[in-house]
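Visitor: I am new to this structure and would like a close look at a single part of it. Please choose one helix and take me through it slowly, together with whatever surrounds it.

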Amino acid sequence: MILCIIHESQVKVGLWQAFICKLNSLKMKKSSLILSTLVLCVILLILFCQKRRYAKIDERSDTIVLKKDSNSLPSVEKKHIDVQKEYKEIKYPTPNTCSDKVNTVEGVILHHTAEPTIERSLGVLTSLKKRVGTHAVIDIDGTRYIMANPRTVTYHAGYSYLAGKENCNNFTIGIEFQGNTLECPLTRDQINSAIDYLLPLISQYKIPINNIVTHKMVRDAYKQRHPNQRCSGKVDITQIEYNRFMKSLKERLSNK
Ligand SMILES: [Zn+2]
């Protein structure tokens, strides 16, 4: 009986030890499971951080590319600004010229047509009855009607005085702007187109900037020298529009 009890208690102790061992083994497994999970988490965290880092590098390189593009934008815009709009040029000869003289191209006289339409202006400037002409007519959209070559003398100045000489038709180019500057200012296209036309002539004939004037200026200068001579006193073109034109011309000349 005692042996039985001893045996039974030994068995119980054995079972208990086995249980403890199992528990320890489970604990070990549990701790190693936790450790493995932790290691896995760390690896995942490292991988995640790496991915973020590469993403940031990609973002940065994109930004660099964008910055490069944005840096190149101003030069592209500048290119567009530098490229001048080309205006249509139409040959529209006037018969109102002087065939026995050669224009020495020493100055430019600016006029406005004071006619309501370009058709009316072209009609007047080619009318044999009116006997007035010019070298170029600039429409409000910048279209140029070329009526005579620069070496031709045309009848646009009448009684006039400039740079110590009378009869400016013999040594000036006439430019007529469509419209009336007393009613409407010159359009930007008119100014730009006239400058496009004039720049090569200023360069070729070395026209002094002071010899680019309005019709009123040469007429007033003539009247001062001939007070008894009756001639028109009408504004042609206004001082404000002349100043605008000259400002643009000087800017273009300095950018050449
Ligand atoms: Zn005039």
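**One helix and its surroundings**

Guide: Let us start with α2, where E119 and G123 are exposed on the side away from the buried residues; exposed means that 12 or fewer other C-beta atoms, placed from the backbone, lie within 10 Å of a residue's own, buried that 20 or more do, and partly exposed anything in between. The model is predicted, so local features need pLDDT of at least 70 and side-chain atom pairs count only at pLDDT 80 or more, while totals for chains, interfaces and linings use all residues. Residues are numbered from 1 along each chain as its sequence is written.

The buried residues of α2 are S121, L122 and L125. Seen down the helix axis, they fall within an arc of 95°, taken from the directions from the axis to the C-beta atoms, so they line one face of α2. This face packs against β4, β5 and β9, where a contact requires C-beta atoms, placed from the backbone, within 7 Å. Helices and strands here are DSSP runs, numbered from the N terminus, with at least four residues (H or I) for a helix and at least two (E) for a strand.

Those three strands belong to an open sheet of 6 strands with mixed pairing, in the order β1-β5-β4-β9-β3-β10, and two strands pair if DSSP finds at least two bridges between them. Its edge strands are β1 and β10, each pairing on one side only, and the twist averages 25° from one strand to the next. At the β1 edge, 3 bridges join β1 to β5, which run parallel, and I90 has Y145 of β5 as its bridge partner. On this sheet packs α2, whose direction makes about 165° with that of β4; axes are lines fitted to C-alpha atoms, for helices over the stretch in contact, and angles run from 0 to 180 degrees between N-to-C directions. Another helix, α3, lies across β3, β4, β5 and β9, at about 155° to β4.

The largest nonpolar core has 31 residues, and those with the most contacts inside it include A136 and I175; such a core is a set of buried Ala, Val, Leu, Ile, Met, Phe, Trp, Tyr and Cys residues joined through C-beta atoms within 7 Å. Among the elements that each supply at least two residues of this core are α2 (118-125), β4 (136-138) and β9 (172-177), while α3 gives the most, with 5 residues. Not counting residues up to four places away in sequence, A136 touches R144, Y145, I146, M147, I175 and Y197.

Technical notes
Two residues are in contact if their C-beta atoms, placed from the backbone, lie within 7 Å.
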